[in-house]
Amino acid sequence: MAEKKQTLPRVLVVGPPTCFATLQPLYSHKFHFIHFEPYALSLSLQNFLHHHCPFSIPAILCSSNYSLSAHLLRLLPDLRLVVTTSAGTDHIDLRECRRRGIQVAAAGHLFSQDVADMAVALLIDVMRKISAADRCLRTHNLNNTPWDLFTFGSKLSGKRIGIIGLGSVGMEVAKRLGSFGCIILYNSKHKKATVSYPFYSSVVELATNCDALVVCCALNEQTKHIINREVILALGKGRFIVNVGRGGLIDEKQLVKCLREGEIGGAALDVFENEPYVPEELRAMNNVVLSPHCAAFTAESLMNLCELVAGNLEAFFLNKPLITPVMLPE
Ligand SMILES: O=CC(=O)O
């Protein structure tokens, strides 16, 4: 049995990704998963490879919470494939992958509907104060009339919602909010010829013209801190920000400061700048909804992800095109 395992295609698993507990029993007859758990073992990848992994490693499986820098990639001279379980690829040095001829596969659009559902749920939660009401009822019973302790939320229907990033998640968000009677405006890398929503090349101008911003673009050099103090102030008092993209899209220190000073109405965040750290101040604010970077995860998306990961690994080891390849930068 152990001998058979040695002949299977080797995949180094770092993290491990959330889906690995489901993936491993389903596919360990096809792949030899070599599991590196940096936090539990407090081992560096270099030490692990040196002491516990005498094999050459052609493929690696990671998630967005493990950063694959050029330095780490250099520890794996035979690496030819990176599979990440995330849609985002900001944790991978894609230029180094291109330089080395390493292919990269990600989750593509697998999570778009789930992330969009969550974005809308977070928006409704922060606007209608669902989590705040829940907290209120858990500490006071209905006879104590929580209404006295509780100011009413804001209506969603008819509101102007600015979407930052009209990719596959942004489009799903727009579709959903359209049926709530919201007016959609957007900012994206380029104006889209296929939609009639008003396009704003300036994020400040977009913020000035809407009641809430939903941030769902990719994180890269151009979009880091796309939501800065100027944007938050342009959005203004009584208005809301939702982030289901990446923490680094928002200048978190400025967001906390603006929330503290009452410059905006509230925020609903699935992602944070230094995950898994969530600033203490955000945790204490009643007008902030927090979620642990789980917008993508549903029971269904987990099963689909396992299939996709295995499909990409299989394609690679059979010398076939990847199912969801990532375009590598020039
Ligand atoms: O954050 C989740 C993803 O990028 O899929």
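Modeller: Contact here means heavy atoms within 4.5 Å. This is a predicted model, in which local features need pLDDT of at least 70, side-chain atom pairs count only at pLDDT 80 or more, and totals for chains, interfaces and linings use all residues. Residues are numbered from 1 along each chain as its sequence is written, and side-chain values use heavy atoms, with hydrogens and water left out.

Biologist: Is Leu-122 buried or exposed?

Modeller: Buried means under 20% relative accessible area, exposed over 50%, and partly exposed in between (1.4 Å probe, protein chains only). Leu-122 has a relative accessibility of 4%, so Leu-122 counts as buried.

Biologist: Which residues is Leu-122 in contact with, leaving aside its neighbours within four places in sequence?

Modeller: One partner, Val-289, is 167 residues away along the chain, yet the two C-alpha atoms are separated by 7.1 Å. With neighbours within four places set aside, the full list is Val-242, Val-244, Ala-268, Asp-270, Val-289 and Ser-291.

Biologist: What polar side-chain atom distance separates Arg-246 from an oxygen atom of the ligand?

Modeller: Polar contacts are pairs of N or O atoms within 3.5 Å; within protein, one must be able to donate a hydrogen and the other to accept it, and residues adjacent in sequence count only if both atoms are side-chain atoms. A backbone polar atom of Gly-88 is 2.8 Å from a ligand oxygen. For the side chain of Arg-246, the distance to a ligand oxygen is 2.7 Å.

Biologist: Which side chain has an N or O atom 2.5 Å from an oxygen atom of the ligand?

Modeller: The residues around the ligand (a heavy atom within 4 Å) include Phe-111 and Ser-86. The side chain at 2.5 Å belongs to His-293.
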